[in-house]
Structures are given as C-alpha cells and as structure tokens.
Amino acid sequence: MALRPDQLILGIESSCDETAAALLDASGGVRASVVRSQIDLHAAFGGVVPEIAGRSHVEHMVPVLEECFARAGAARGDVGAVAVTCQPGLIGSLLVGLSTAKALALALDVPLVPVDHVAAHVYSCFHGVAEPQFKSACLVASGGHSTLFAVDSPARATRMGDTIDDAAGEAFDKVAAIVGLGYPGGPIVDRMATGGDPRRFRFPRTLLDRDSLDFSFSGIKTAVLYHCRGQDGRTRRELDAQEVKDICASFQDCVVDVLCTKLLRLADRIGARSLAVGGGVAANRRLRERVAQVAAERGLALHLAPRELTTDNAVMVAGLGRLLLADGVRAGLDLDANPRSAAKAARR
Ligand code: KG4
Ligand code: ZN
C-alpha cells in the first residue's frame, strides 16, 4: 500500500550525531527538511561521544519535529507513514529516533517503515533524478562507512565491498587531528587542500589485491602520522602552514585515487551504466571532480548525491521509506534498533 496522493511520509534520522526530520509528499517532493547537528558538542572530544549523542537526540527530537511540521505547513494528520533509521548506528542514538517513530506511528495509526541508514545514503544519489541509469556502481563514503554497492534501483542495492579498517571519513577526521586541524576534519581538509600541492608527498595507495573491492585506509592515515611525528608517532615537529596544506592535498588525492579506482573496478565488474557517490565524504570537492571526470571518460552517467543530502539527513530516510512502503515493507511496533547493518555482505 503506497501513500494516498494527499498524504505525507515523515522520515526520522538519529543514527549518529544529527537529529533530523523530513516530510515528503506522495510523489517524493520535499515539503520540509530539518537537520540539527551536534558537531559543537563533540568537537572538544575530537569525535562523537555516544552518551552525549543519545542525550542530545532526546533533547532535540521533539523541537526538530515541530520545526519540520511548521516549515511544511503540515498537520500530524497529514502523515500517512513514518520511516525511521533503525540500523546501523550508535545504539543509544538509534533508539531515540526509533521510539519517537513508534510512538507517532501508534498514535496516528499509520505504517512504520524500517530504513537502513547506509541504504538511505545509496538512495540519496538518485533522489529526484528523472532518469537514473542502472545498474549503477555506487560508493557510500562517510564517517562510519566506505562501502561499494551494485545498485539495481534506488531501493535495491547489493553490498560488494567494504572497508576492512577505518572508513574514508574517519581517515579524514584522524588526519585532520594529526596535523592539528579541528573536527570534523573532512570539510577542513577539503578547504586546506585547495592551497596545497597534491604531488608534494606520496602517501601509499592501499588497493589490496587486484580483485578486491574492499578498502583499507588505516595505512594511509599511519603514513601521515609517521610523516608528521616520526616513526615512533610521538616526535612532534612544527609544520608550517604550507606543509599542512600540502599534506592535506596529498592525503586527499591519495584517498580519492583509491576510492575512484575501486569504484571503476566495480563498474567494470557489473557492467554499470552509471557511477554514484553518497555519504558525507561525497561532499568533498576533489572527489566530486574526479568522479565526474572518470565518468565522462568512460561514457558513464553520473549520480552524485546533492550536496545537502551527502551528510546525514532525513530526506533520504523518508525518500527510501516511501519506495519501501510502496513495495509493501513495514515493521511491527516490536522493531528493534541494530548497531550494525543486518544485510551481511552478499558478495557476487
Ligand atoms: O554521512 P555522514 O554525515 O555521517 C556518517 O554516516 O558517518 O558523514 C560524516 C563524515 C565525517 O567523517 C566528515 O569528516 C566527512 O563525512 N566529510 C567530508 C567532507 N564533508 C564531510 N570528508 C571529506 N570532505 C568533505 N568536504
Ligand atoms: Zn551517514
């Protein structure tokens, strides 16, 4: 059962450090989207503190929902379904969004639709695209994930590769910390890299063996650490402003190289007609540029998530929820939160 034309779907996202709600209409148009980031709370700790994240979601969830309804000019009764991120993520954070979604679904007597956060990042690449090209080779690169998918439709993706250690965004965040920049590091490294020389330092491109679609970023991060602090990782030396920029540019190019190489490897393997990139790292300007360039060279269509949908948001949750609902997917009120993705790597 899909939505009635006059109904809205509410999406709720709280898997990490963004409290978000969105209302989409029955044809997928965004009526309102609100994202409350907790970055300021976690910056002092150099990373997300799960306990603080959970408490902050409790504080912000209702105001975020109220703002979302107000911006959409919608009433509670306009909601025909509630989609919610139930996995993967920080368990205490997920539970806040999930409990809220259950309460609303129960009170409004509407279906509850379970959404996987990483699948929602995949969906974000195709949101609002008139003629998406499938199969698509899709990369989701964020603070928690670096995953490759073979995508058959915006709601159907098969996991083909994953990181075996750090996620790409995590590597950006850790490198920023090593060179003394703030948190989260991705956007800062992106900015600093603009004035840097990407060829000054050659950090290792960890591509694993030729067949692998998995990633490894910890070696690249360690190479930056040794470069900045010596082989024992402890001997701090002063970095001048230009060297910081050159490190950022060289590191960024290295990560972008690895991501693009594997994405193309996947595209070749599945005979893809398009490349797609989503997740927080998809905001990276160099990555967007390079993926656009390789797509053009190979004659592949390009589906980059719109910038505002790269980092965590609820539009992607409501959008994927809308498609799942039309496919008959819904959950009972006993739906549980899961810190990991349930769908284990179904490798082809
Ligand atoms: O998707 P997201 O908001 O949260 C997760 O699901 O993890 O991604 C956040 C990550 C952080 O690691 C952040 O540093 C990274 O995305 N990020 C970037 C950029 N903007 C955000 N990384 C590189 N370049 C950027 N411009
Ligand atoms: Zn995310």
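Which residue just after α5 takes a positive phi? In this predicted model, the residue is G180, with a phi of about 85 degrees.

## Helix α5 and its cover

Helix α5, which spans residues 168-178, is mostly covered, since 8 of its 11 residues are buried. The buried positions are A168, G169, A171, F172, D173, V175, A176 and I178. An α-helix has 3.6 residues a turn, so residues three or four places apart point the same way. What covers the buried residues of α5 includes the strands β6 and β7 together with the helices α6 (185-193), α7 (218-229) and α8. One of the buried residues, D173, also appears among the closest residues to ligand 1.

## The sheet β8-β7-β6-β9-β10

Strands β6 and β7, which help to cover α5, belong to an open sheet of 5 strands in the order β8-β7-β6-β9-β10, where the pairing is mixed. Its edges are formed by β8 (156-161) and β10 (301-304), each of which pairs on one side only. Ignoring direction, neighbouring strands of this sheet are turned by 25 degrees against each other on average. The edge strand β8 pairs with β7 (residues 146-153) in the antiparallel sense, over 5 bridges, and within this pair L148 stands opposite G161 of β8.

Two helices lie across strands of this sheet. Helix α4 (residues 117-124) lies across β6 (136-141), β7, β8 and β9 (274-278), and runs at about 125 degrees to β6. Helix α8 (residues 241-270) likewise lies across β6, β7, β8 and β9, but its direction makes an angle of about 150 degrees with β6. Helix α8 is also included in the cover over the buried residues of α5.

## The surroundings of ligand 1

Ligand 1 is surrounded by 19 residues, and the closest of them are G143, G144, D173, G186 and D190. Three backbone contacts to oxygen atoms of the ligand can be listed:

- For G144, a backbone N or O atom lies 3.0 Å from an oxygen atom of ligand 1.
- For G186, the distance from a backbone N or O atom to an oxygen atom of ligand 1 is 3.0 Å.
- For G280, a polar backbone atom is 3.1 Å from an oxygen atom of ligand 1.

Taken alone, ligand 1 exposes 560 Å², and the protein buries 90% of that area.

## The sheet β3-β2-β1-β4-β5

A further open sheet of 5 strands has the order β3-β2-β1-β4-β5, again with mixed pairing. Its edge strands are β3 (30-37) and β5, each pairing on one side only, and the twist from one strand to the next averages 15 degrees. Strand β4 (residues 79-87) runs parallel to β5 and is joined to it by 5 bridges, with P114 of β5 as the bridge partner of V84. Strand β1 (residues 8-13) also runs parallel to β4, and 5 bridges join the two; here L8 stands opposite V79 in β4. Helix α10 (residues 315-326) lies across β1, β2 (18-25), β3, β4 and β5, and runs at about 120 degrees to β5.

Is the edge strand β5 enclosed by the rest of the structure or not, and how many of its residues are buried? Of the 5 residues of β5 (residues 112-116), 5 are buried, so the strand is largely enclosed by the rest of the structure. In a regular strand the side chains alternate between the two faces of the sheet. In β5, L112, P114 and D116 point one way while V113 and V115 point the other way, and all are buried.

## Two individual positions

Q7 lies in the segment before β1, and it counts as buried because its relative accessibility is 14%, below the 20% limit for that class. Leaving aside residues up to four places away in sequence, Q7 touches L24, D25, A26, D78 and G80.

E66 is found in helix α2 (residues 50-72). With a relative accessibility of 46%, E66 counts as partly exposed, a class that lies between the buried limit of 20% and the exposed limit of 50%. The C-alpha atoms of E66 and V34 are separated by 9.7 Å, although the two residues are 32 residues apart along the chain.

Note on methods:
Residues are numbered from 1 along each chain as its sequence is written. Chains are lettered from A and ligands numbered from 1 in the order in which they are written. This is a predicted model: local features need pLDDT of at least 70, side-chain atom pairs count only at pLDDT 80 or more; totals for chains, interfaces and linings use all residues. Side-chain values use heavy atoms; hydrogens and water are left out. Two strands pair if DSSP finds at least two bridges between them. Helices (H or I, at least four residues) and strands (E, at least two) are DSSP runs, numbered from the N terminus. Axes are lines fitted to C-alpha atoms, for helices over the stretch in contact, and angles run from 0 to 180 degrees between N-to-C directions. Contact means heavy atoms within 4.5 Å. A residue is near a molecule or strand if one of its heavy atoms lies within 4 Å of it. A polar contact is a pair of N or O atoms within 3.5 Å; within protein, one must be able to donate a hydrogen and the other to accept it, and residues adjacent in sequence count only if both atoms are side-chain atoms. Accessible areas come from the Shrake-Rupley method with a 1.4 Å probe; for residues, only the protein chains shown count as cover. Buried means under 20% relative accessible area, exposed over 50%, partly exposed in between (1.4 Å probe, protein chains only).
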